[in-house]
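Please examine the model below, first at one position inside a protein chain and then along a DNA strand.

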2 protein chains.
Amino acid sequence: MSPSDTALVERPASIGRRYLHDEVVVRLRELILSGELEPRSRVNEADLCRRFDISRTPLREAIKLLAAEGLLDLLPNRGSRVAALSAQEIEEVLEVVAALEGAAGELACLHITDEEIAAIEVLHASMVDAWQRRDPPPYFELNRRIHEAIMAASRNNALQGVYATMSGRIQRARYAASKTPEQWALAIADHEEMIILLKARDGATLGSLMRRHVRSKRPVISAAFGNA
Amino acid sequence: MSPSDTALVERPASIGRRYLHDEVVVRLRELILSGELEPRSRVNEADLCRRFDISRTPLREAIKLLAAEGLLDLLPNRGSRVAALSAQEIEEVLEVVAALEGAAGELACLHITDEEIAAIEVLHASMVDAWQRRDPPPYFELNRRIHEAIMAASRNNALQGVYATMSGRIQRARYAASKTPEQWALAIADHEEMIILLKARDGATLGSLMRRHVRSKRPVISAAFGNA
DNA sequence: TGGTGCCATTTTGCATTCATTATGCATAAT
DNA sequence: ATTATGCATAATGAATGCAAAATGGCACCA
């Protein structure tokens with residue numbers, strides 16, 4: 001990663017300094033996550049160079065970076081392609097995400113302010129609203145923001161960094177998965193429990209709950225994602 | 001990362017195919033972890049090009065990759081330098097490592113074989129021996145191998161990948177830290193408890209123990225590492 | 001004597017070029 | 001008709017070239 005960007009490290013962030021490849025990483029990541037570049041499709045360097053109007057050097061640097069994030073696979077002498085995780089790999093990454101969110105829950109209880117909890121409650125209310133309207137897009141978005149709010153409350157940059165990377169790797173799978181009404185209701189119940197535990201600052205219990213909560217998405221995701 | 005190497009992703013690994021920058025990543029990482037390249041020191045591209053006898057392109061790719069791992073910091077227009085984590089950053093990363101090892105403990109109980117447990121017991125016995133001889137180097141090495149054996153038993157490649165990256169980032173700090181006799185004895189006791197829990201396949205308890213065990217290194221490390 | 005600005009040198013970031021490897025297609029052989 | 005082979009084309013990996021930025025030294029000045 002590089003200073004301006006992103007996940008794992010961002011410390012020496014002076015102002016105004018930018019790498020070209022940083023910009024490219026951001027835009028290329030968007031193309032991948034949005035699905036504009038389809039999973040398993042080969043990446044043509046010349047095309048992207050024209051698209052971004054840069055030379056191949058910074059583009060290739062960006063490709064290497066995204067490969068390190070797990071968003072691209074490198075094929076020696078044949079360039080790179082958009083990563084498509086197998087069902088098993090998705091489950092593996094999900095397990096990592098569960099561990100990270102669990103840690104965030106524990107740490108958040110040590111640092112979160114009442115204001116932050118209140119903000120999460122507001123997000124939660126909107127999310128319940130979206131759920132009652134059976135409206136997945138805002139539901140997903142609000143759900144993501146709640147989890148990120150807890151992440152932020154962990155006050156741990158390293159944790160937030162790996163979490164961003166890991167959850168990015170399975171983001172598309174997450175969106176592709178659709179819950180049954182029962183699973184959906186259980187997820188809502190989990191979130192309400194989470195808020196209670198946050199208020200009680202019960203880190204140990206919140207940690208376990210969040211690990212279980214994230215793991216509970218496993219059948220949903222791997223069912224929807226039948227590419228092994 | 002790239003196919004042949006390494007932590008996060010390594011799947012499309014056909015044979016014989018190699019990137020130059022892969023080789024460089026491995027060798028450069030050794031230079032950093034061994035301390036041959038000192039923390040905070042600037043990295044001179046021309047020097048390393050001569051040393052590795054390659055051109056700047058693959059070297060720069062390797063630098064980007066190691067920056068993504070958190071081993072190097074990128075300084076726009078001023079190259080890169082060896083990362084030197086502050087005490088706070090070390091604590092942050094250690095917290096992540098604790099979460100990952102905890103997850104490994106939980107998963108290991110689901111998959112570990114009796115033979116693997118026996119192998120860990122052998123390692124543990126050697127480690128106790130090194131401890132009684134007050135001989136840190138083999139102690140550290142055996143300790144590392146025990147934790148890695150549990151990681152391997154998690155049967156989760158994604159987990160092992162991030163773990164390798166994260167623990168690499170604080171490896172030097174770990175080695176620099178020296179325990180008090182009490183801390184040392186407690187660590188040994190933890191390991192014995194871990195073996196008991198592995199035999200009992202008690203994942204939940206082992207997970208908590210490992211999280212606590214790793215966290216217990218925090219005062220040791222941050223005390224020894226007073227560079228904020 | 002200590003600080004400041006200027007200029008030469010070095011180093012970096014990016015573009016371009018070159019060599020090697022893969023890919024697609026036409027042709028030939030069975 | 002189908003598969004295999006060779007060749008032309010395209011794309012990749014690495015080296016080199018070049019312009020911009022940073023670093024260091026020196027003269028100049030307060």
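In which helix of chain A is the place of H147(A)? The model, which is predicted, puts H147(A) in helix α6 of chain A, a helix made up of residues 136-153. The relative accessible area of H147(A) is 2%; because buried means under 20%, this residue counts as buried. Its surroundings can be listed residue by residue. Leaving aside residues up to four places away in sequence, H147(A) touches E101(A), Y163(A), H191(A), M210(A), H213(A) and K217(A). With one of these neighbours, E101(A), the side chain of H147(A) makes a polar contact, side chain to side chain, at 2.4 Å.

The second site is the protein surface near DNA strand D. There are 18 residues around this strand, and those that come nearest are R60(A), L20(B), S55(B), T57(B) and R78(B). Of the strand's atoms that come within 4 Å of the protein, 69% belong to sugar and phosphate. By residue class, the surface near DNA strand D comprises 8 charged, 6 polar and 4 nonpolar residues.

Individual atom pairs add detail to this picture. A phosphate oxygen of DNA strand D lies 2.2 Å from a polar side-chain atom of S55(B), and a polar side-chain atom of Y19(B) is 2.8 Å from a phosphate oxygen of the strand. From chain A, a polar backbone atom of G79(A) is 3.5 Å from a sugar or linking oxygen of DNA strand D. The elements giving two or more residues to this surface are α3 (56-69) of chain A and α3 (56-69) of chain B. Of the elements, α3(B) gives the most, with 3 residues.

Methods:
Residues numbered from 1 in each chain as written. Chains lettered and ligands numbered in written order. Predicted model: local features only at pLDDT ≥ 70, side-chain atom pairs only at ≥ 80, totals over all residues. Heavy atoms only, no water. Helix = DSSP H or I, 4+ residues; strand = E, 2+ residues; numbered from the N terminus. Buried < 20%, exposed > 50% of the residue type's maximum accessible area, 1.4 Å probe, protein only. Polar contact = N/O pair within 3.5 Å; in protein donor to acceptor, adjacent residues only side chain to side chain. Contact = heavy atoms within 4.5 Å. Near = heavy atom within 4 Å. Nonpolar A, V, L, I, M, F, W, Y, C, P; charged D, E, K, R; others polar.
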